[in-house]
Amino acid sequence: MPETLSVLQNQFFQQLGTEHPDLDGKEVASLLKAAAAAPERTDSDKIFDHILPKRSEKLDQMIKNLKQAYANDIKETVLRPTASGERLEALRKELQNQNVDGFIIPLNDEFHGEAAPAASERLKWLTGFTGSAGVAAVSLESAAIFVDGRYTLQVRNEVDTELFTPRHVSEEPLADWIIETFKEGYRLAYDPWLHTETAITNLLAKISKHGIKLAPLAYNPVDTVWKDRPPQPLALIVPHGEEFAGKSSREKRADIAKSLTKDGIDTVIHTLPDVTAWLLNIRGADLPSTPFALGFATLHQDETVDLFVPKQKISPDLVKHLGNGVRLHEPEEFADHLKNLKGQKVQIDPTTTSQWIVDRLTEAGADITRAPDPCLLPKATKNSVEAEGTRNAHIRDGVAVTKFLHWLSIEGPKGTVDELSAEQKLYEFRSLGDNFKDTSFSTISGAGPNGAIVHYRSTTATNRPLDLNSLYLVDSGAQYLDGTTDITRTIAIGEPTDEMKTRFTHVLKGHIALARAHFPVGTSGSQLDTLARLPLWQLGLDYDHGTGHGVGSYLSVHEGPQRISKMPSNIALQPGMILSNEPGYYKTGEYGIRIENLVMVETVNAPVGAERDLLGFETLTFAPIDLNAIDASALDVTEKEWLNQYHQHVWEKISPALEGEVKDWLKQATRPI
């Protein structure tokens with residue numbers, strides 16, 4: 001333990017003993033450390049009012065100081081300067097102790113959402129990789145890390161490739177490496193909490209024919225060798241008001257229960273934190289940038305719910321909000337709850353449910369039905385209150401982004417701005433907005449060649465200045481109580497090259513094509529993806545990420561099941577679904593381009609003689625697109641009309657909240673071309 005932390009802890013023990021001699025200082029300190037494992041939020045200290053409601057100003061200050069010291073220690077622990085080789089060697093020794101020949105380390109936690117707390121960042125701790133998708137596999141002699149096209153550059157910058165061989169997850173998949181590495185009869189271990197039933201079933205189908213066995217372990221060997229592993233986060237769960245949700249939890253539970261009854265399902269298990277948050281109208285602060293409370297829930301035909309979360313996260317206000325229809329349990333009670341489902345018809349989503357849960361249900365004798373979580377589509381199709389809330393949130397967000405772009409237009413060419421200072425300035429503008437709670441993800445602030453790294457995250461080690469005559473890519477968003485935002489703008493600092501302008505313009509052409517699209521009811525996002533790529537394809541260019549992801553309502557900035565991607569999808573787009581529209585282009589070592597707005601699916605008037613009902617997109621995001629980076633001669637008449645009309649809307653919605661130089665700048669930035 002660092003010396004400063006030890007001193008603060010001892011001071012806390014002394015003061016706590018003076019004010020509350022009946023309390024166990026170490027137990028309270030343990031709760032404070034768990035609270036420190038939760039990310040910083042504007043209201044992150046609410047948990048202290050629940051843990052220790054009566055405290056002097058002196059003790060309150062000590063608590064805040066100790067929590068900050070704990071938080072600093074936790075931030076360091078995942079990537080503490082211990083050689084990855086030492087960690088890898090320790091893991092291999094533990095694998096030998098458990099009598100297995102290898103181990104798979106996925107990025108996700110037991111809830112299989114997009115983000116995970118520091119305590120679950122096993123892949124990051126072992127390899128140094130910080131991307132949002134990846135998996136590593138270790139044998140007693142070799143190791144590999146598997147990433148998709150977004151991270152082929154990043155993985156080589158962050159991971160010791162002498163220890164972990166980088167492989168493209170599609171071109172050189174995990175199963176191929178396993179078959180190449182292990183012999184018949186070898187036992188490859190996995191943590192059944194961290195792999196879904198679908199993942200395990202698919203992997204077994206590929207490797208079992210080679211005589212390689214998958215061995216589930218009761219204890220994760222990474223956790224055994226990770227001596228300073230952070231605690232699970234502890235943050236208060238709070239009600240999410242109906243004025244934002246638009247529908248009561250009771251109504252939602254009744255609607256889903258009706259669908260269960262219709263399908264003859266007794267119980268459905270919810271593993272995704274955003275599903276539980278939506279169903280119960282609750283929010284939490286266990287994860288960075290995402291207002292989730294980590295916990296499992298089961299919904300029954302009688303509309304009641306069993307929720308499994310630590311009691312320290314529960315306040316009297318929450319109990320009142322949840323009502324008698326929700327039974328609260330400690331997480332340790334979940335296994336027994338599954339046993340009690342014997343004989344019931346239980347629905348799980350095999351793509352998001354841990355193999356561990358499936359094994360317990362099988363042992364209990366439950367009749368398992370496999371289908372998508374019934375909350376996914378209702379959650380994705382926003383009601384009228386959520387839709388209006390996100391419109392309002394995007395206007396406030398557009399004001400903040402416009403102020404930032406104006407600031408950048410002045411300061412950027414001076415050579416005094418770098419990635420981190422720009423990121424901080426954008427956060428400052430956003431934090432002033434009504435209902436602001438947090439960023440919606442870690443800002444991607446990429447100058448010059450760093451902009452070519454699709455999911456780049458600037459650090460003190462990689463921080464670059466915004467050089468003159470270069471491109472700067474900033475992908476950012478915010479969490480507001482009434483909506484979640486996500487916007488990318490690529491800005492020319494000085495004068496871009498002709499090549500930059502050509503490729504920026506073709507990215508814009510793809511963006512416009514998708515924004516203008518009208519399509520028959522029943523169309524999936526994968527059927528629209530080509531619209532955004534075609535202008536780049538005509539130049540022999542492309543990008544290795546999806547064109548659009550779903551977005552929640554003060555929930556995850558990435559939500560399913562809707563998406564716009566090359567990947568096949570049978571999910572039809574429906575009115576109320578929010579998606580991103582974000583084609584891009586990335587030239588390795590030089591620059592990156594991405595233009596992203598959020599859009600909401602809406603019904604549109606069909607032309608005379610139409611035989612199908614049509615849908616289209618309402619644009620939600622309003623901020624200028626950099627006219628200085630556009631080759632106007634490459635845009636056709638309809639594309640210019642769209643851009644001019646979009647900028648007119650930006651002016652109409654954003655300018656009333658501005659004045660002075662910022663307003664004058666916006667007028668110029670939205671001028672017709």
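Modeller: A pocket is an open set of grid points with protein on both sides, and its lining residues have an atom within 4 Å of a point. The model discussed here is a predicted one.

Biologist: Which residues lie nearest the centre of the second largest pocket?

Modeller: They are E110, F111, Q232, P331 and E332, and they belong to a lining of 33 residues. The volume of this second largest pocket is about 830 Å³.

Biologist: Which helix supplies the largest share of that pocket's lining?

Modeller: Helix α2 does, with five residues. Both α2 (25-37) and α15 (334-339) supply at least two residues each to the lining of the second largest pocket.

Biologist: How many residues of each class does the lining of the second largest pocket have?

Modeller: There are 20 nonpolar, eight charged and five polar residues in the lining of the second largest pocket.

Biologist: I turn now to enclosed spaces. How many cavities of 30 Å³ or more are there?

Modeller: A cavity is a set of points where a 1.4 Å probe fits but cannot get out. In this model the count is three cavities of 30 Å³ or more. The largest cavity holds about 50 Å³ of space, while the second largest cavity has a volume of about 40 Å³.

Biologist: Which residues line the largest cavity?

Modeller: Its lining consists of V401, F404, L405, L426, R430, V474, S476, I487 and R489. Two or more of the lining residues come from each of α18 (384-411), α19 (419-431), β17 (470-476) and β20 (487-493). Helix α18 provides the largest share, three residues. By class, the lining of the largest cavity has six nonpolar, two charged and one polar residues.

Biologist: Which element gives the most to the lining of the second largest cavity?

Modeller: Again the answer is α18, which gives four residues. The lining of the second largest cavity is made up of H394, D397, G398, V401, I487, T621, F622 and A623. Four of these residues are nonpolar, three are polar and one is charged.

Biologist: Finally, how should one read the pair of helices α20 and α22? At what angle do their axes cross?

Modeller: Angles of 65 to 115 degrees count as roughly perpendicular. The axes of α20 (residues 498-515) and α22 (residues 637-654) come within 10 Å and cross at roughly 80°, and the two helices are therefore roughly perpendicular to each other. On the α20 side, the contact is made by L508, K509, H511, I512 and A515, and on the α22 side by E639, W642 and L643. This contact has five nonpolar, two charged and one polar residues.

Key. Residues numbered from 1 in each chain as written. Predicted model: local features only at pLDDT ≥ 70, side-chain atom pairs only at ≥ 80, totals over all residues. Heavy atoms only, no water. 1 Å grid on protein atoms, 1.4 Å probe; cavity = no way out; pocket = protein on both sides within 12 Å on 5 of 7 lines; lining within 4 Å. Points joined across faces, edges and corners; volume = space filled by probe spheres on them. Nonpolar A, V, L, I, M, F, W, Y, C, P; charged D, E, K, R; others polar. Axes fitted to C-alpha atoms, helices over the stretch in contact; angles between N-to-C directions. Parallel < 35°, antiparallel > 145°, perpendicular 65-115°, else oblique. Contact = heavy atoms within 4.5 Å.
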